[in-house]
Structures are given as structure tokens and as C-alpha cells.
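Biologist: I should like to learn how to read the local features of a model, one at a time. Could we begin once it is on display?

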Amino acid sequence: MNIFFRFFILTCWLTLSFQSLASDTNELEQWRKQIKETRLLTENNVPAAYEQAQKLQKNFPIDATPSDQASILNLLARIELYAGLTDFSMDHAEQAFELAKLHDDKVGQVEADMTTALAAINQGDIDKQNRIVMHSMTIANDIDRPDLFAEVMLRTSMMYRRMEQYEQGIEIAVQAMEIAKQNNNPLAMTYASNALAAAYDIGDRFENALSMYEQMRVHAIEAHSKMLETDAMVGIGRMTFRLGNIAEGERILREGVESYRSIGAPFYLGHVLVGIAEILHQTGRTAETMPMMDEVVKIYEDGHVDIALWWALKFRGTYYQALGKTTLANNDAQRGYQLAKEIGYPYYLNQSARQMAAIMAIQGHYKEAYQLNVEANETAEKSTKEKLNTRMLELAQRYETESKQRKINELNHRNEVQEHELKQHELHHRWLVTLLASCGVIMSLSLFFMVRLRRSKEKIALLNVTLEQRVLERTEEIHRRANYLRTFIDTLPMMAWLKDTEGRFIIVNHTFSKVAGQPIEKIISNTDLDFFPKEMAEHYRAIDAEVMTTRRMKILEEQILDQDPQKVVWVETIKMPILDQENNVLGTVGIARNVDDRKAMEDAKEQALTEAMRLATMRSEFMAKMSHELRTPLNSILGYVDVLQKDSTLVDYPDQLNRLKIIEQSGEHLLELINNILDFAKIEAGKQELHFNNVSVPAFLKNLFNIIYVRINHKAIRLLCNISPSVPNIIFVDDIRLKQVLLNLLSNAVNYTKQGEISLNVREVEQGKIRFEVQDTGRGIKAERLDTIFLPFEQIVDKSLRTEGTGLGLAISRELVRLMGGEIYVTSREGEGSCFWFDLDVAVQSEAVCIANGNVAKYLAPDLQNIELPNFDVIDFDDNLTLPSIEEMRVLHRLALEGHIRGIIEYVTHLVALDSNYEPFAEKLRNLALTYQSKKILELVDHYIERN
């Protein structure tokens, strides 16, 4: 009884122990499951995830492992990083790393490394970030976490980008994508797409980058990560803007702002706000950036994110500078410079020094600006040396690793040799023992096999019968498959054949037999020489030989004889070599299809294209000749109008003078229309040429504004010209064509603006690229009309508001800008105004800063009229020229009055033939005639007639 009672007590105790153990195990697994759920919640709602993670840390299971402790610390660190609590995030990540390292938890180490690397960036410790990323790369291969490994590859790629080692960054990005595709993990694919999109972005391949960001967004949605989905959305917005769709890019980025706010990720919010501010600045809406940039600076100041704060101050300082707030720009530049010193990375020091130098130059502190530029250059040189040292260190480490690997390989080889020798000795010994034992066994087995042999003969006879039956069945199967293949080949609507290495036909289909005009039985075992003309057959055999020699497929179009010997048809032929398992050539296989209809269509298309080009050329020549012929009498009319207006006898007849003024205005308008048609004809004919000159930007723009200011016609319009301080003083462009484009854009702005403001903004968007922008507050353009305003003979407004003109102005302007290497863009809202702009690459001829009257770079149109400009239209009267006789001068005077430009050119040629001393005088007249300046010709001839 006592023994039974003890056994009962022991059984109860064991049962309760097992139940307690099962309960504890279930509680731990539940806790681990909540860790994973909270990690996913972190990607969608940071504040809620932080609250949940703190509860999990407080309810830490008693039987949890050190790896579990590292997991909760890593979770807290990642959440705090997203929430902008950088210092707390760094502390928790470092604790997690030490704990994981102590217990050889490589997953915990890599998770801690990823958070620490991002936190180090926020704290401005670039070197620490680089060390941590390189450490994570050394152990990431040993973990079975595709998503974590892909994130390591992304951070490594971004590290190389930050170090300006772009080739290594791109290589890592490509490898990440290949590995992610093998695992097909949504989170891994998200990180890999991000890395590859950033690589395409560096190479200015914006369309490819956009595609990768779109893929990243799909994978992020599949991974249920709103944070990464928003990251992808921001990338899509930036690429959309860079591809020219400004409004759509801005809309997408603003969606990203709202998404980051809902997630609760302030640092990421600051990043996308900077992106929107840059779009506003580049589209001339700099004033709208200030509230955004103030919020960004506040975010990074509160989070103690030195590098992000440096970027925010750099951008805000640039915007202050563009708005003319030099003092505020200088304050941000000074703060950025101090932060760059604390960060200690050459790139940031270089950029801050250059920004401060530009501001110092604007303020007139040229000595300080020079010193800062010297410092920037020294920093750039130091950065180059550091890159070289880094590369040398990488090569040395690689050499050391390879050297160690060679030594290990040598030791392994020696061990293998020794093991092989020991095995040989052991095998030799075993062989002797086995030989002796085998002799006894063989004797015993011989008797056994004698008995078995008789039984085997009976079984072999039975197997032979079965084998013969299987051979018959297999033969029937082969014949059946051969019939299937024969039927398949014969149903092909194209010629098909097989040849051996000698060119003999082995298999042909009915289509081939029909074209060759012979039954299949006669074709088999024969060659092309038996069915086709010798020259054609030799050509076919040469192609076969080439395919067998190169062992590559060949596709060609050729002519063959049809059933009718007199008819030749075009076929597309594909020939390939036939190879056996040892890669030996067995022959060729070929297919050919009739492409006669396609060739006929191509010929017809080519003829139509040729005819269209001929008609277009004839039209362009006709337009050029007609506009030239119309301009000659028109110049004559304008010349006589000018003479009549100077007639003093008409002073008492104001009505007559008004009529002459109407004639002059109408003639000049008609001349402008003819010039537009002639310019368009030259552009269509591809005969428009550029003539580049060194052009003073301030003088050019002031002269332009003097011209356009007259056209305002007393409207209530304020005319502005804004020149950025970074615009060079001298540029190398075709000033005539540039003036033509800007005059057209400004004239359109004047025509369609009753009151308000018209501004011409000129600024440098990047080194050697200048942006010209014409903005007005006029009537605006309907959205559905924006795609058609650049078409020939189209006008900006509705038919009810159409102004006088050909509708060629914008078409000509766009073609001229394209000829100069740019493209015109337009944004407009109906009732609010329009903005036209284009960028030109210019060869800068001077490093001087564009400073007007000390440091003024903005002035009103009336101020422009008070500045004396060089008069390029004044005629140089050289009284030392050898002149023709008075009778010949009167002939020239009559031709000038008539505006007969062709007659003037022919007559001056005649004068030079009479006497070569007339050449300087003739050259002066010829230059004026070639530019259709009949008034100047008349003035010149009048002067010399009066002198004689």
C-alpha cells in the first residue's frame, strides 16, 4: 500500500510538471508572435507600435532566451529610429548587438547593425556607419533571412553612393536584385527594387528608375509595409517630376507627405518636404517653400539629426538667396558650415564653403569669398585622396583575404594527399586479405553457380520471348511518332526541310515539294543542284556551309523561283545547324515563308515617303521664294513711306501723315508675317543655321526690354526682369535667334495680358545651363489646348479672341530652341496666367559675377531705358571709301527706294567688275542688302550723294 501511494504521488508530480512546462512554452511562443506582429505594425503606425513594444518589454517571459532579449531591444531601436528618437535608438541597438554577439546570434547582430547604421547617419558619424555596414556584410551570408540580407545589400549600396563610389554601389544593387528574385520574398524584392532604382537615378536613367520604384511599391504593398510603400511613392514622384510632368510629380509627393504624417515618421516627412520645396523652387514658386523648410529644420533640430539638418539649411539658404534675403541665407550657410565641421566629412565641408563663398561675393566680401573657395578646393582634394586611400585599403584587404585563402587551400591539398596515401595503404592491406578469403569463397560458389546456371538458361529463354515482344511494340511506337511528325511538317503553311552535311535532302514537306515542282520521293537524297538553277543552288549551298561552320542560326531574305519559271518571289528563310550530343554537326534544318506581300507594302511605303519628302521640299522652296519675292516690293513700299514721312510739306496735313503711319504699320506687320513664313520654311527645309557670339547678358536683356516696353501700349502692366546672381556675365550663344524666341514669348504675354505683371526670369539651373522663363498674369490657356499651341498656324487663345498673326510664332520658337539644344515647356491655368521656359547649354566666357550697379540683380523696365547701351544698328560712314560716279549712285538710290534687294546685290557686283577699288563700298551695301535693311541702304546712299 505504501509503495502504491508513492507511485501515485510521483505520477501526479510528473503530470503537473509537464503541464507547467507546456504552459510556459505556449506563453513564450505567444510573446514571440506578438514581437513579429509589432514589427509589422512599426511599418504602418509608429506611435501604436512603440506603445505595444514597451508593453512587450515589460512583460518579458522568464524562460526567454538571450536572442529573445536581443529581438525586443532591436524592435525598440527600430521604432525609436522611425519616431525620431535617435539617441534612444542608438543605445538600444548597441545593447542588442553586444547581447547577440555574446551568444553568437547573427540575426540579432545584423538587425542591430541596420538600425545603428541609420542612427549613425542621423548623428553625422559617417565613419561609424561605414564600419557597421561592412561588418553586417561579413556575417549576412550566414543567416537565413532573405529580407534582412536584402536590406544589408541596400544599405551597402547606399554607403557606396555616399562615398561617391558609384560603380560599387550599382554592382551591389544588381546583385541584391538577383538574390531577391531567387528567394521571391516580397520584403527582399522591395529593398532590392529600392537599391536598383537609386542606381538608375544616379545614372540619370529616370524612366528605368521610375519603373523600379513602381515595382518597389507593388512589392511593399504585398509585404504590408506602408512605410516602404510611401518610400516608393516618393521615388515615383521625384522621377515623374524629372521626366517633365511637374504637376503630377508634385501631387504624388504631397500624397507622400500625408502618408508619412499618418505613419508618424518625422525624419521621412522632412525628406519628402525637401523634395516638394525643390520642385517649387525650380518652377519659380520659391516663396511657397519657406513654411515647408521651416518645418523641416524644426524636425531635424528636435531630433538632433546633423546631416539631415545640414541639407535642410543648405536648401533653405539657397531659397533665401533666390528671394534676395541675403542675411537669412548667410545665417543658414554659417550654421551649415559649423555642422559640416562637426560632421568632418569632406563633401559637406566643400559644399558649405562654396555656398558661403557665393554669398560673400554677393555681399562684396571678395577676400573672404576667395578664402572660402580655396578651402573648398582643398577639401575636394582631401576627399579625392581619402577615396584613393579607401580604394587602396580595399585592395590590400582583398589581397590579404586571397592570400589567406591560398594558404588554406594548400593545407587542404596536403591533407587530401596524406589521406589518399593512407587510404592506398589500407586498401592494399585489405586487398591481400580479401584475395585469400576470395579463393575459398570462389570454390564454394562454383558449385552453387553450376546449379543456378541450368535454371538461368530457362529464364533467359523466357526473357528473349518477352524482349522480342517489347521490340515490336517499340518499333510500332516509333513508326506512329514518325507519322505524327510527318503530318505536322506537312501541315505547316511554309517550306520546311532537313539536309545532311553533304546538302542532300532528308526530309521535306508538301509546301517545299510544291514550290520545287517535284514529288517528295524524287527530292529525298538529292541536292539543290537537281531542282534549282546553278547560280541559285550554289548560293543556297554556300549559306548551308556558313551555318554549319559558324554553328549559328542565320535569317535572310532572298528571291526564289515560283512554280512559274518566269516568276520570282521573296521569301524569309531561317537556317540552323543540327548537332548531336557530342556537339558534332549532322546537317541543317530550314524553314521559309513567302513575304512577297510585305515586300510590296515596304516598297509602296518607301515610294510614298519619297514622294512626301519631295512635296515637302517643293512646298518649302515655294514658300521661301514667294516670301522673298513678296518682301522685295514690300521693302520698297516701306522705303517710300519713310521718304514721304520726312517730307516737310506734309507737316500741315496731319490726316495724310496718319494714313502714312497706318500704311507703315500695316507694311511692317505684313513684313513680320512674311519673315515668320520664311523662317518656318527654312526650318522645314533644314536650312536654318546658328551663328554664335559672345553676348553680354545684362546688355542683351536690357536691349530686349527696351524693345518690348514700347509694345505695352499704355496697358496697366508691370514689366520685370530678374537675373540670378549666379548667371555669368558673358555667354556664348546665337543672340539673334535667342532674341527672336524671347521677343515672341514676351509679345504673346503682352498681347494676352490686360493688367498685372509680366516677368522675365534668368537663372543658372546647373553648371553651364541657363534657364529663361517668361511668366505673366494674363488670360491663361485651357488645359486641353496646351498640347496644340506649338503646332504651326495655331494661336494661343480661342477663335473669338484671336489676334493678328500667322500662328507660327510658337512653332518657330520651339524649333529654334531645339536647334540650340533645348526644349520649350509651358504651365498655365485659365484666368491666372502662363509660364513658358527653356534651358540652354551655354559656353561661359567669363567667371565674373553678374552684378549690376554693385549688387543689384533686379530692376524695373523704366530703369532699363536710362542705361546707355551700345547701338549696334548705327551705320559706320567711312568717308575714305572709293565711290562710284553720281549717275551710278542715283541708280542705287532708285533701287533702294523701290526696295529692290536683288537688283542692289546684282548692281554692286557689276560695280566691282568695273573697278575693284569699289569693293569696300560694295561689301558694305551687300551686307545691308543680305539682311534686307533697305532703309539703311537708302540712308547710306543719301549720305554719299550729299557728300559728292
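Modeller: Let us start with helix H26, where helices (H or I, at least four residues) and strands (E, at least two) are DSSP runs, numbered from the N terminus. Of the 11 residues in H26, 8 are buried, and the helix is thus mostly covered. Buried means under 20% relative accessible area, exposed over 50% and partly exposed in between, with a 1.4 Å probe and protein chains only.

Biologist: Which residues of H26 are buried?

Modeller: They are Gly809, Leu810, Ala811, Ile812, Ser813, Arg814, Leu816 and Val817. Just after H26, Gly821 adopts a positive phi of about 95°. The model is predicted, with local features requiring pLDDT of at least 70 and side-chain atom pairs counting only at pLDDT 80 or more, while totals for chains, interfaces and linings use all residues. Residues are numbered from 1 along each chain as its sequence is written, and side-chain values use heavy atoms, leaving out hydrogens and water.

Biologist: Where is a positive phi found in a residue other than glycine?

Modeller: His224 has a phi near 60°. This residue sits in the loop between helix H10 (206–222) and helix H11 (226–242), and it is exposed, at 52% relative accessible area. Arg551 also has a positive phi, near 60°; it belongs to the loop between helix H21 (534–550) and strand S3 (554–561) and is partly exposed at 38%.

Biologist: How is a pair of aromatic rings described?

Modeller: One gives the distance of the centres and the angle of the planes. Rings of Phe, Tyr and Trp (its six-membered ring) pair if their centres lie within 6.5 Å; planes under 30 degrees apart are stacked, over 60 edge-to-face, and the rest tilted. The whole structure holds 8 aromatic pairs. In one of them, Trp31 and Phe60 are edge-to-face, at 5.3 Å centre to centre and 90° between the planes. Trp31 is in helix H1 (residues 2–42) and Phe60 in the loop between helix H2 (46–58) and helix H3 (66–83), so the pair ties together parts 29 residues apart in sequence. Trp31 is buried at 5% relative accessible area, whereas Phe60 is partly exposed at 30%.

Biologist: Why is the pair of Phe790 and Phe836 edge-to-face?

Modeller: The ring planes stand at 75° with centres 6.3 Å apart, so the pair is edge-to-face. Phe790 lies in the loop between S10 and helix H26 (809–819), and Phe836 in strand S12 (residues 833–841), so this pair ties together parts 46 residues apart in sequence. Both Phe790 and Phe836 are buried.

Biologist: What is to be read from a buried acidic residue such as Asp776?

Modeller: One looks for a salt bridge, that is, a side-chain nitrogen of Lys or Arg within 4 Å of a carboxyl oxygen of Asp or Glu. Asp776, in strand S10 (residues 769–776), has none; the nearest side chain of opposite charge, Arg779, is 9.4 Å away. For charge, Lys and Arg count as positive and Asp and Glu as negative, with His and the chain ends not counted. A polar atom of the Asp776 side chain does lie 2.9 Å from the backbone nitrogen of Gly778.

Biologist: Which strand holds Asp500?

Modeller: Asp500 is in strand S1 (residues 495–500) and is buried, at 16% relative accessible area. The backbone nitrogen of Glu502 is 3.0 Å from a polar atom of the Asp500 side chain, and for the backbone nitrogen of Gly503 the distance is 3.0 Å.

Notes:
A polar contact is a pair of N or O atoms within 3.5 Å; within protein, one must be able to donate a hydrogen and the other to accept it, and residues adjacent in sequence count only if both atoms are side-chain atoms.
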